[in-house]
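This report looks at how a ligand is held by its protein, and then at one loop residue and its surroundings. Please keep the sequence and the structure at hand while reading.

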Amino acid sequence: MENCIFCKIVAGEIPSAKVYEDEEMVIFKDVAPKAKIHLLCVPKEHFATVMELTDERAALVGRMLQKIGRLRDMLGLADGFRLVVNQGENAGQTVHHLHIHILGGETLPWE
Ligand code: AMP
């Protein structure tokens, strides 16, 4: 997708601090971290929101969650973490390529 910053990261056209990559997803450090550890898990396929989840994409998002769980220790998240998926304007979604925020590395505020 033209002009999508995460598509450009996936394609290697702009730099990112990648911590994991396979054929269908990447995980890289958020450039403006909101917690001690703040990563983004991004599917290589471009789609913006959960409203666009076909059965195949839903299975892909399931594999993304599974992968985050399996990489927990390697990512430094053994003591727990928070997953956030912002959807649309009211949630403050700024990049319109679905992504899962992974927050951890410290006790996270709730409220
Ligand atoms: P959201 O507000 O849920 O759409 O989240 C977008 C996230 O992408 C924000 O937390 C930004 O800090 C992050 N972000 C934007 N551009 C980059 C980039 N080039 N590399 C890493 N993270 C980025």
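## Polar contacts of the ligand

Which residue has a backbone N or O atom 3.2 Å from a nitrogen atom of the ligand? In this predicted model, that residue is V31, whose backbone supplies the atom in question.

Two side chains also approach the ligand through polar atoms: an N or O atom in the side chain of N86 lies 2.9 Å from an oxygen atom of the ligand, and a polar side-chain atom of H99 is likewise 2.9 Å from a ligand oxygen atom. The ligand taken alone exposes 510 Å², of which the protein buries 86%.

## The shell and the pocket

The ligand takes up the space of the largest pocket. Around the ligand there are 16 residues, and those that come nearest are D30, N86, T94, H99 and H101. By character, the shell consists of 8 nonpolar, 6 polar and 2 charged residues.

With regard to secondary structure, α1 (5–10) and β2 (25–29) each supply at least two residues of this shell, and α1 gives the most, with 3 residues.

## E24 in the loop before β2

The loop between β1 (18–21) and β2 contains E24, whose side chain makes a polar contact of 2.7 Å with the side chain of R63. When its neighbours within four places in sequence are left aside, E24 is in contact with V42, P43, K44 and L60, as well as with R63.

Technical notes. Residues numbered from 1 in each chain as written. Predicted model: local features only at pLDDT ≥ 70, side-chain atom pairs only at ≥ 80, totals over all residues. Heavy atoms only, no water. Near = heavy atom within 4 Å. Polar contact = N/O pair within 3.5 Å; in protein donor to acceptor, adjacent residues only side chain to side chain. Areas by Shrake-Rupley, 256 points an atom, 1.4 Å probe, with all protein chains shown as cover. 1 Å grid on protein atoms, 1.4 Å probe; cavity = no way out; pocket = protein on both sides within 12 Å on 5 of 7 lines; lining within 4 Å. Sits in = over half its atoms within 2 Å of the grid points. Helix = DSSP H or I, 4+ residues; strand = E, 2+ residues; numbered from the N terminus. Nonpolar A, V, L, I, M, F, W, Y, C, P; charged D, E, K, R; others polar. Contact = heavy atoms within 4.5 Å.
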